[in-house]
Amino acid sequence: MEFTLSERWTKVLEKEFTKDYFTDLTSFLNDVYHNKTCYPAQESIFRAFDLCDFNETRVVILGQDPYHGPGQADGLAFSVPNGIKAPPSLRNIIKEIEEDIQAKPHITTDLSAWAQQGVLLLNASLSVEEKKPGSHLKMGWEQFTDACIQAISKEKSGVIFMLWGGFAQKKKKLIDVEKHHVLLSGHPSPLSANRGYWFGNKHFSKANEILIRKGGNPIQW
């Protein structure tokens, strides 16, 4: 399995590709994608990076790992292809956007339009075995995606990190909060949202307020 990233992402992360853990991860993926059903498709594993270049990254939304059902995972955290029923977390994200910005979202279920505006939709693990959530988390992906977060924190400034739920919030320690904006809330999953930890966080309008204050364009959510 070969991974190709844009020139800028490659330059930022090139040290990771030569480390033992990444060699082991690549071998694992070659084996598991050959012998088992895994998501997303191999060509979509790095789709979040393909659609949102390092230089253009303005917002980072962190997920845990891809959806593990057929036809769902498209390489972007929380996103599924148009025509696929929105999973519960994505439905709650859409509801919060509607309440927050008092308008119908520009997206349906495919969030690639966000990525193209500079929103990095990054899962901690970039692959998963079918019907086995978290199955690839400890295979090296987390070390790689932590390095991505650290690179953004070190090389850029003024990036907005949306950390939803306990898992994502643990990544705060990787971020220089003096240089960047960190928005925290509960996870959009029903378990968290129905307890009052998600709805009303207004992360989408808050992010746009920050971007506009810096002289940038708001995200068309």
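This report describes the fold of one protein chain, its central sheet, a helix packed on that sheet, and two individual residues. The model is a predicted one.

**Overall dimensions**

The protein chain holds nine helices and six strands. Its radius of gyration is 17 Å, which agrees with the value near 17 Å that a compact globule of 221 residues would have. Taken along the principal axes, the C-alpha atoms fill a box of roughly 45 × 35 × 25 Å. Of the 221 residues, 52% count as buried. The accessible surface is about 10,700 Å², and carbon and sulfur atoms account for 48% of that surface. Among contacts between residues at least 6 apart in sequence, 66% join residues at least 24 apart.

UniProt, in an unreviewed entry, lists residues 50-211 as "domain: Uracil-DNA glycosylase-like". Over residues 50-211 the chain is 33% helix and 14% strand. The C-alpha atoms at the two ends of that range are 22 Å apart.

**The parallel sheet**

Four strands make up an open sheet with parallel pairing, in the order E3-E2-E5-E6. Strand E3 (119-123) and strand E6 (181-185) are the edge strands, each pairing on one side only. On average, neighbouring strands of this sheet are turned by 20° against each other, direction ignored.

The pairings can be followed across the sheet, with residues that stand opposite each other given for each pair of strands.

| Strand pair | Bridges | Opposite residues |
|---|---|---|
| E2 and E3 | five | Leu62 and Leu122 |
| E2 and E5 | three | Val59 and Ile160 |
| E5 and E6 | five | Phe161 and Val182; Leu163 and Leu184 |

In a regular strand the side chains alternate between the two faces of the sheet. Two strands of this sheet can be described in those terms. From E5, the residues Ile160, Met162 and Trp164 point one way, while Phe161 and Leu163 point the other way. All of these residues are buried, and E5 is accordingly described as mostly covered, with five of its five residues buried.

Is the edge strand E3 enclosed or open? Five of the five residues of E3 are buried, so E3 is largely enclosed by the rest of the structure. Val119, Leu121 and Asn123 point one way from E3, and Leu120 and Leu122 point the other way.

**Helix H9 across the sheet**

Helix H9 (residues 203-213) lies across strand E2 (59-63), E5 and E6. Relative to E5, H9 runs at about 165°. The buried residues of H9 are His203, Phe204, Ser205, Ala207, Asn208, Ile210 and Leu211. Their cover includes the strands E2, E5 and E6, together with helix H4 (88-101) and helix H5 (112-115). After H9 comes Gly215, which has a positive phi near 85°.

**Ser185 in the edge strand E6**

Ser185 is found in strand E6. Its relative accessible area is 9%, so Ser185 is buried. Which residues does Ser185 contact, leaving aside its neighbours within four places in sequence? They are Leu163, Trp164, Gly165, Gln169, Tyr197, Trp198, Asn201 and His203. Two of the residues named there have appeared above: Leu163 and Trp164 belong to the residues that point away from E5, and His203 is one of the buried residues of H9. Further along the chain, Glu209 is 24 residues away from Ser185, and the C-alpha atoms of the two are separated by 17 Å.

**Asp65 in the loop after E2**

UniProt lists Asp65 under "active site", again in an unreviewed entry. Where is Asp65 found? Asp65 sits in the loop between E2 and H4. Its relative accessibility is 17%, and buried means under 20% relative accessible area, so Asp65 counts as buried. Leaving aside neighbours within four places in sequence, Asp65 is in contact with Asn123, Ser125, Val128, Pro133, Gly134 and Ser135. Among them, Asn123 is a buried residue of E3 that points from this strand the way Val119 and Leu121 do.

Notes. Residues numbered from 1 in each chain as written. Predicted model: local features only at pLDDT ≥ 70, side-chain atom pairs only at ≥ 80, totals over all residues. Heavy atoms only, no water. Pairing = 2+ DSSP bridges. Axes fitted to C-alpha atoms, helices over the stretch in contact; angles between N-to-C directions. Contact = heavy atoms within 4.5 Å. Rg over C-alpha atoms; globule rule 2.2 N^0.38 Å. Buried < 20%, exposed > 50% of the residue type's maximum accessible area, 1.4 Å probe, protein only. Areas by Shrake-Rupley, 256 points an atom, 1.4 Å probe, with all protein chains shown as cover. UniProt positions renumbered as here; feature names shortened; annotations may be inferred.
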